[in-house]
Structure formats: C-alpha cells, structure tokens
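Please read this briefing alongside the sequence and the coordinates shown below. It deals with side-chain contacts, nonpolar cores and the packing of one pair of helices.

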Amino acid sequence: MDTGILILRLLVGLLVAGHGVQKVSFHLGGRGLDGGTEEFRADGFRGGVLTALAAGGGQIGSGLLLAAGLLTPLAATGTVGVMTVAATVKWRNGLWVQNDGYEYPLVLIGAAVALAATGPGAWSLDAAIGLTPFPLWWTAVVLAAGAGSGLLARLVLHRAPEPVRR
C-alpha cells in the first residue's frame with residue numbers, strides 16, 4: 001500500500017508543481033511569466049503578473065509538498081484550490097479534456113482528496129517527522145477549504161464579461 005501511495009503522491013505532486021513552473025517560467029514548455037499572465041487575462045482574470053505568480057507559486061508549493069508527503073493536508077488543500085480554479089475555467093467546455101474540459105483538474109482534485117484521506121504513507125516526510133496519521137475528518141476540511149478558496153479566488157479575481165454592444 002505504501003508503494004502505491006508513494007507513486008500517486010509523486011505523480012500528482014510533480015505534475016501539479018510542473019504546471020505551476022509553466023505559469024512562471026520558460027521551463028517545461030512554459031511561456032514565461034508574461035505568457036502565464038496572458039493566459040490568465042485570456043481566461044478573464046484580473047491581477048496580471050500577481051495572479052500568475054500566486055497561481056504558479058501555489059501550484060509549485062502544494063505540488064512539491066504533496067510529492068514529498070510533507071504537511072499533506074495543507075498540500076492537498078492547495079492542490080484542490082488551484083485545480084478548482086482550473087475546473088471553473090474549463091467548466092463551460094464540459095467534462096472531457098478532448099474538448100478542453102475539466103476532466104484533468106477533476107482527476108487531480110480527486111487524487112489530492114484521496115491522499116488526504118489515506119495519508120501520505122510510510123515513505124513520506126510527514127511519517128519521518130511523526131506527523132501521521134492524520135484524522136479522517138481532515139479530508140472534509142481539505143475538500144471544503146480547497147474548493148472554497150478556489151471558488152473565492154475565481155469570484156474575486158474574475159472579471160465580469162464585457163457587455164455586448166449593438
């Protein structure tokens with residue numbers, strides 16, 4: 001079981017962190033901070049560079065913590081938060097990723113919540129420093145705080161659509 005949890009943590013955590021790296025740099029196929037800023041503006045977000053830095057930094061931080069199995073509930077909460085924002089952007093396209101839908105963010109949300117429920121496993125920094133096991137009720141906190149923070153970020157940072165001029 002610990003091997004499976006380790007594989008899941010590494011896969012999900014490093015993918016989330018890599019997604020953040022793309023938002024703020026030219027690494028991993030990113031278009032630099034200007035490209036990340038442009039992406040958020042194209043998706044209707046205000047805040048420019050600060051929005052891209054906050055999103056990229058949140059993804060890098062939560063992804064690396066999740067991969068390391070360190071402060072797992074906090075890492076899972078951050079992952080759920082940033083992926084909730086991504087899901088809201090993709091929502092209008094439907095579920096499937098082939099149509100630019102929210103399938104991928106939903107899978108990452110589910111994996112982060114599952115890791116919060118199972119804990120990071122024996123091969124984690126949380127276990128090494130004696131932070132585990134986490135109580136199961138943390139799973140509800142992770143889901144509520146993560147989704148809530150993502151929806152709040154969307155509400156606060158998203159611009160209203162421009163009125164149609166006739």
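**Contacts and helix packing**

Once its neighbours within four places in sequence are set aside, Met83 is in contact with His19, Gln59, Pro105, Leu108 and Ile109. The model is a predicted one, and the points below place Met83 in the largest nonpolar core before turning to the packing of helix H4 against helix H7.

Nonpolar cores
- The largest nonpolar core has 18 residues, of which Val12, Leu66, Ala76, Val80 and Met83 touch the most other members.
- Helix H1 (2-24), H4 and helix H5 (103-118) each supply at least two residues of this core, and the largest share, seven residues, comes from H5.
- Another core, of six residues, lies apart from the largest one and includes Phe40, Phe45, Val85 and Val89.

Packing of H4 and H7
- Helix H4, residues 72-90, packs with helix H7, residues 138-157, at an angle of about 40°, and their axes are 7 Å apart.
- Because of that angle, H4 counts as oblique to H7, and H4 passes H7 in a right-handed crossing.
- On the H4 side, the residues that meet H7 are Pro73, Ala76, Thr77, Val80, Gly81, Thr84, Val85, Thr88 and Val89, while on the H7 side they are Trp138, Val142, Leu143, Ala145, Gly146, Ala147, Ser149, Gly150, Leu151, Ala153 and Arg154.
- Sorted by class, this contact of H4 with H7 has 12 nonpolar, seven polar and one charged residues.

How values were computed:
Residues numbered from 1 in each chain as written. Predicted model: local features only at pLDDT ≥ 70, side-chain atom pairs only at ≥ 80, totals over all residues. Heavy atoms only, no water. Axes fitted to C-alpha atoms, helices over the stretch in contact; angles between N-to-C directions. Helix = DSSP H or I, 4+ residues; strand = E, 2+ residues; numbered from the N terminus. Parallel < 35°, antiparallel > 145°, perpendicular 65-115°, else oblique. Left-handed = near helix turned anticlockwise from the far one by under 90°. Contact = heavy atoms within 4.5 Å. Nonpolar A, V, L, I, M, F, W, Y, C, P; charged D, E, K, R; others polar. Core = buried A, V, L, I, M, F, W, Y, C linked by side-chain atoms within 4.5 Å. Buried < 20%, exposed > 50% of the residue type's maximum accessible area, 1.4 Å probe, protein only.
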